[in-house]
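User: I am a first-year student, and I would like to understand the words used to describe a protein model. Could we go through one together, setting each value against its definition?

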Amino acid sequence: MTWRFPAIPELVTPDVAARIKWLRCSLGASWRMVAGDIYDHLGLSDEWAPPTNQLAGRELCEAAADVLGEEID
């Protein structure tokens, strides 16, 4: 996969992946909400802009699925 935000795969540890799954599956969070939550949760400053970037949220979900050995769709 070609990442638009190359830092994302390194940011998504098993704990972060579990948080992303909880956000999407339990809370029904949108990709924008996932991006904003993880941005704040990890105390990021310039990995993507705006913090609620929808494309970053999609890539976070893809990275989380990879870490958890699951499929995003």
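User: Which residue follows H3, and what is the sign of its phi?

Analyst: H3 is followed by Gly43, and the phi of Gly43 is positive, near 65 degrees. Most residues other than glycine have a negative phi. Before we go on, please note that this is a predicted model, in which local features need pLDDT of at least 70 and side-chain atom pairs count only at pLDDT 80 or more, whereas totals for chains, interfaces and linings use all residues. Residues are numbered from 1 along each chain as its sequence is written, and side-chain values use heavy atoms, with hydrogens and water left out.

User: How do you know what confidence the predictor has in the protein chain?

Analyst: The score to read is pLDDT, the predictor's confidence in each residue, from 0 to 100. In the protein chain its mean is 95, and 99% of the residues reach 70 or more.

User: What makes a stretch of the protein chain count as a helix, and how many helices are there?

Analyst: Helices (H or I, at least four residues) and strands (E, at least two) are DSSP runs, numbered from the N terminus. By that rule the protein chain has four helices and zero strands, and from the N terminus on its elements run α-α-α-α.

User: Why is the protein chain called as compact as a globular protein of its length?

Analyst: The radius of gyration is taken over C-alpha atoms, and the globule rule is 2.2 Å times the number of residues to the power 0.38. For 73 residues the rule gives 11 Å, and the radius of gyration of the protein chain is close to that, at 11 Å, so the chain is as compact as a globular protein of that length. Along the principal axes, its C-alpha atoms fill a box of roughly 30 × 25 × 20 Å.

User: Why is Tyr39 called buried, and why is Thr13 called partly exposed?

Analyst: Buried means under 20% relative accessible area, exposed means over 50%, and partly exposed lies in between (1.4 Å probe, protein chains only). Tyr39, which lies in helix H3, has a relative accessible area of 8% and is therefore buried. Thr13, placed in the loop between H1 and H2, has 34%, so Thr13 is partly exposed. Of the 73 residues of the protein chain, 34% count as buried, and in H3 the buried residues are Val34, Ala35, Gly36, Ile38 and Tyr39.

User: What makes two residues count as touching, and which residues does Tyr39 touch?

Analyst: Contact means heavy atoms within 4.5 Å. Not counting residues up to four places away in sequence, Tyr39 touches Leu44, Ser45, Asp46, Glu47, Trp48 and Pro51. The buried residues of H3 pack against H2 and helix H4 (54–68).

User: How do you know at what angle H2 and H3 cross?

Analyst: Axes are lines fitted to C-alpha atoms, for helices over the stretch in contact, and angles run from 0 to 180 degrees between N-to-C directions. The axes of helix H2 (residues 14–26) and H3 come within 10 Å and cross at roughly 145 degrees. In this contact Val16, Arg19, Ile20, Leu23 and Arg24 in H2 meet Trp31, Val34, Asp37, Ile38 and His41 in H3.

User: What kind of peptide bond joins Ala49 and Pro50, and what is its omega?

Analyst: The bond joining Ala49 and Pro50 is a cis peptide bond, with omega about -10 degrees. Most peptide bonds are trans. Pro50 has its place in the loop between H3 and H4.
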